[in-house]
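Let's take a walk through this structure together, starting with a pair of rings and working outwards. Have the sequence and the 3D view handy.

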Amino acid sequence: MRASSMDTHMGNIAIDTEVIAQYAGAVAMECFGIVGMAGVNVKDGLVKLLKMDSMTRGIKVALKGHKLTLDFHVIIAYGVGILAVSDNLISNVKYKVEEFTGIEIEKINIFVEGVRVID
């Protein structure tokens with residue numbers, strides 16, 4: 001367990017990076033144009049759409065000091081602008097995760113692993 005820890009006047013608060021990944025994934029799924037998180041099999045080079053219960057495997061949370069770096073491996077909807085979707089994802093995740101955790105986000109990296117047609 002790698003956790004962010006902060007001292008307050010009432011005691012110590014520790015937030016596990018898995019909790020941050022779950023929340024960031026939920027926020028990302030609310031964004032227009034995001035179909036889901038991608039799981040990448042490094043050995044075979046295969047990319048698959050992750051189910052909601054395992055979407056944290058498509059998100060990497062790194063903590064340096066008191067700043068977060070988030071890596072998203074996403075699958076986006078066919079026909080939407082990648083730049084527009086990325087900008088929306090970055091602004092929503094940055095605002096909501098910083099508000100939720102109280103930890104500053106230093107960087108958000110987005111890796112578009114695939115495109116899917118939505119019915």
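Start with the aromatic rings: the count here comes to one aromatic pair. The partners are Tyr23 and Phe100, and their rings are stacked, with centres 4.0 Å apart and 15° between the planes. Stacked is the right word because the cut-off for that label is planes under 30 degrees apart. Keep in mind that you're looking at a predicted model, so take the numbers as computed from that model.

Where do Tyr23 and Phe100 sit along the chain? Tyr23 belongs to helix α1 and Phe100 to helix α2, 77 residues apart, and in this way the pair links distant parts of the chain. How open are the two residues? Tyr23 has a relative accessibility of 26%, so it counts as partly exposed. Phe100 is partly exposed too, with a relative accessible area of 45%.

Now zoom out to the helices that carry those rings. Two packed helices are described by the angle between their axes and the distance between the axes. Here, α1 covers residues 17-30 and α2 covers residues 82-101; they pack at an angle of about 140°, and their axes are 9 Å apart. That angle makes α1 oblique to α2. As for handedness, the crossing of α1 past α2 is right-handed.

Which residues do the touching between α1 and α2? On the α1 side you'll find Val19, Ile20, Tyr23, Ala24, Val27, Ala28 and Glu30. Facing them from α2 are Leu89, Asn92, Val93, Lys96, Val97, Phe100 and Thr101. Sorted by character, the residues of this contact split into ten nonpolar, two polar and two charged.

Next, hop over to a strand. Leu63 lies in strand β5, which spans residues 59-64. Is Leu63 buried or exposed? With a relative accessible area of 9%, Leu63 is buried. Try picking out Ile105 as well: Leu63 and Ile105 are 42 residues apart in sequence, yet their C-alpha atoms are 9.3 Å apart in space.

Finally, pull back to the whole protein chain. It has two helices and seven strands, and reading from the N terminus the elements run β-β-α-β-β-β-β-α-β. Of its 119 residues, 36% are buried. And what about contacts across the sequence? Among contacts between residues at least 6 apart in sequence, 63% join residues at least 24 apart. The Tyr23 and Phe100 pair, 77 residues apart, gives you a link between distant parts of the chain to look at on screen.

Terms used:
Residues numbered from 1 in each chain as written. Predicted model: local features only at pLDDT ≥ 70, side-chain atom pairs only at ≥ 80, totals over all residues. Heavy atoms only, no water. Axes fitted to C-alpha atoms, helices over the stretch in contact; angles between N-to-C directions. Helix = DSSP H or I, 4+ residues; strand = E, 2+ residues; numbered from the N terminus. Parallel < 35°, antiparallel > 145°, perpendicular 65-115°, else oblique. Left-handed = near helix turned anticlockwise from the far one by under 90°. Contact = heavy atoms within 4.5 Å. Nonpolar A, V, L, I, M, F, W, Y, C, P; charged D, E, K, R; others polar. Phe/Tyr/Trp six-rings, centres within 6.5 Å; stacked < 30°, edge-to-face > 60°. Buried < 20%, exposed > 50% of the residue type's maximum accessible area, 1.4 Å probe, protein only.
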